[in-house]
There are 2 protein chains.
Amino acid sequence: MESAFSIIAEPNRRAILSLLAASERSVGDIEEELQLPQPSVSKHLRVLREAGFVESRVDTQRRLYRIKPEPLIEVDAWLAQFRRFWTTHVDALERHLDHMDQSRPTKRKTRRKK
Amino acid sequence: MESAFSIIAEPNRRAILSLLAASERSVGDIEEELQLPQPSVSKHLRVLREAGFVESRVDTQRRLYRIKPEPLIEVDAWLAQFRRFWTTHVDALERHLDHMDQSRPTKRKTRRKK
DNA sequence: TGAGTATATACCTTACGGAGTATATATCCG
DNA sequence: CGGATATATACTCCGTAAGGTATATACTCA
């Protein structure tokens with residue numbers, strides 16, 4: 001279970017993270033918005049917390065959870081090695097691979113940092 | 001198992017994808033480089049193929065596998081909602097540019113698979 | 001055609017993780 | 001204090017997926 005990848009393999013956990021991406025939320029908020037039993041929410045939050053995806057703060061009787069991005073950064077970093085397969089600019093390496101479909105090679109986007 | 005996320009939850013499959021990110025390879029290549037039993041490699045490749053992560057072509061007696069990026073694009077798209085947590089420019093300007101980027105009139109659209 | 005190589009599949013076993021249910025802990029307020 | 005609310009944990013059950021081993025299929029070439 002350790003790896004960030006196996007943590008986000010669970011659909012309910014992804015849903016929880018998506019909610020928290022918008023704003024921090026209490027357990028009850030999540031329970032209601034995702035229509036999940038409360039123990040299930042707490043259990044998933046525990047897994048997410050122990051894996052570093054979220055952290056919580058106390059607000060009177062509730063716990064408010066919010067995103068901690070580190071493990072997601074790790075996933076993003078792993079994905080980096082594949083981005084050349086779908087980014088538009090055609091570099092020499094990609095041309096070396098079998099992309100016969102060289103339709104509009106000089107079509108250029110506005111320059112941005114990726 | 002259906003989701004792209006659960007497919008890449010398996011460490012050996014991630015290792016296989018990383019190898020293929022560099023260049024296409026045969027089953028035997030992967031077997032040797034990852035020190036995995038051949039049936040295990042074949043089984044993982046089958047899972048990856050059926051989920052659309054790889055495709056194979058025949059080269060005499062061998063099968064050469066290579067990356068098909070679609071499911072990884074899906075993962076990348078899911079990650080997008082969290083990027084503001086670790087990118088440096090979180091201001092309205094960048095969000096505006098992102099939006100314009102995606103609405104640019106290119107022919108490539110990411111296909112959505114269920 | 002038959003041996004050899006490359007890859008796929010079948011079968012069994014096992015472990016892990018998620019769901020569900022019940023219960024525990026903690027905090028607030030009247 | 002005691003009841004109500006909010007959240008966490010314990011425990012059992014069950015499905016699924018990965019590993020291992022054996023075997024099947026497919027192709028090549030002498």
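Begin by selecting A:Arg84, which sits in the loop between H5 and helix H6 (92-96) of chain A. The model on screen is a predicted one, and in it A:Arg84 counts as buried because its relative accessibility is 16%, under the 20% cut-off for that class. Now show B:Ala21 as well: a polar atom of the A:Arg84 side chain lies 2.4 Å from the backbone oxygen of B:Ala21.

Next, colour helix H5 (residues 70-80) of chain B, where the buried residues are B:Pro71, B:Leu72, B:Ile73, B:Val75, B:Asp76, B:Trp78 and B:Leu79. To see what these buried residues of H5(B) pack against, display H2 and helix H5 (70-80) of chain A, and add helix H1 (4-7) of chain B.

Keep H2 of chain A in view and bring up H4(A) beside it. Two packed helices are described by the angle between their axes and the distance between the axes. Here the axes of H2(A) and H4(A) come within 10 Å and cross at roughly 75°, which means that H2(A) is roughly perpendicular to H4(A). On the H2(A) side the contact is made by A:Asn12, A:Arg13, A:Ile16 and A:Leu17, and on the H4(A) side by A:His44, A:Leu45, A:Val47 and A:Leu48. Sorted by class, the residues of this contact are five nonpolar, two polar and one charged.

Turn now to DNA strand C, which has 21 residues around it, and of these A:Arg13, B:Gly28, B:Gln38, B:Ser42 and B:Tyr65 come nearest. Zoom in on three of the chain B side chains in turn. A polar side-chain atom of B:Gln38 is placed 2.7 Å from a base nitrogen of DNA strand C, whereas B:Ser42 has a polar side-chain atom 2.8 Å from a phosphate oxygen of that strand, and a polar side-chain atom of B:Tyr65 lies 2.5 Å from a phosphate oxygen of DNA strand C. Two or more residues of the surface near DNA strand C come from each of helix H2 (11-22) and helix H4 (38-50) of chain A, and from each of helix H3 (27-34), helix H4 (38-50) and strand E3 (62-67) of chain B. Sugar or phosphate holds 63% of the DNA strand C atoms within 4 Å of the protein, with the rest belonging to bases.

Select DNA strand D next; 22 residues surround it, the closest being A:Gln38, A:Ser42, A:Tyr65, B:Arg13 and B:Lys43. Of the atoms of DNA strand D that come within 4 Å of the protein, sugar and phosphate account for 62%. From chain B, a polar side-chain atom of B:Arg13 lies 2.6 Å from a phosphate oxygen of DNA strand D, and an N or O atom in the side chain of B:Lys43 is 2.9 Å from a base nitrogen of the strand. In chain A, look at the backbone of A:Arg63, where a polar atom is 3.3 Å from a phosphate oxygen of DNA strand D.

Finish at two loop residues. Most residues other than glycine have a negative phi. A:Gln35, in the loop between H3 and H4 of chain A, has a positive phi near 55°, and at 69% relative accessibility A:Gln35 counts as exposed. In chain B, select B:Gln35 in the loop between H3 and H4: its phi is positive, about 55°, although B:Gln35 is not a glycine, and B:Gln35 counts as exposed at 69% relative accessibility.

How values were computed: Residues are numbered from 1 along each chain as its sequence is written. Chains are lettered from A and ligands numbered from 1 in the order in which they are written. This is a predicted model: local features need pLDDT of at least 70, side-chain atom pairs count only at pLDDT 80 or more; totals for chains, interfaces and linings use all residues. Side-chain values use heavy atoms; hydrogens and water are left out. A residue is near a molecule or strand if one of its heavy atoms lies within 4 Å of it. A polar contact is a pair of N or O atoms within 3.5 Å; within protein, one must be able to donate a hydrogen and the other to accept it, and residues adjacent in sequence count only if both atoms are side-chain atoms. Helices (H or I, at least four residues) and strands (E, at least two) are DSSP runs, numbered from the N terminus. Axes are lines fitted to C-alpha atoms, for helices over the stretch in contact, and angles run from 0 to 180 degrees between N-to-C directions. Angles under 35 degrees count as roughly parallel, over 145 as roughly antiparallel, 65 to 115 as roughly perpendicular and the rest as oblique. Contact means heavy atoms within 4.5 Å. Ala, Val, Leu, Ile, Met, Phe, Trp, Tyr, Cys and Pro count as nonpolar, Asp, Glu, Lys and Arg as charged, and the others, Gly among them, as polar. Buried means under 20% relative accessible area, exposed over 50%, partly exposed in between (1.4 Å probe, protein chains only).
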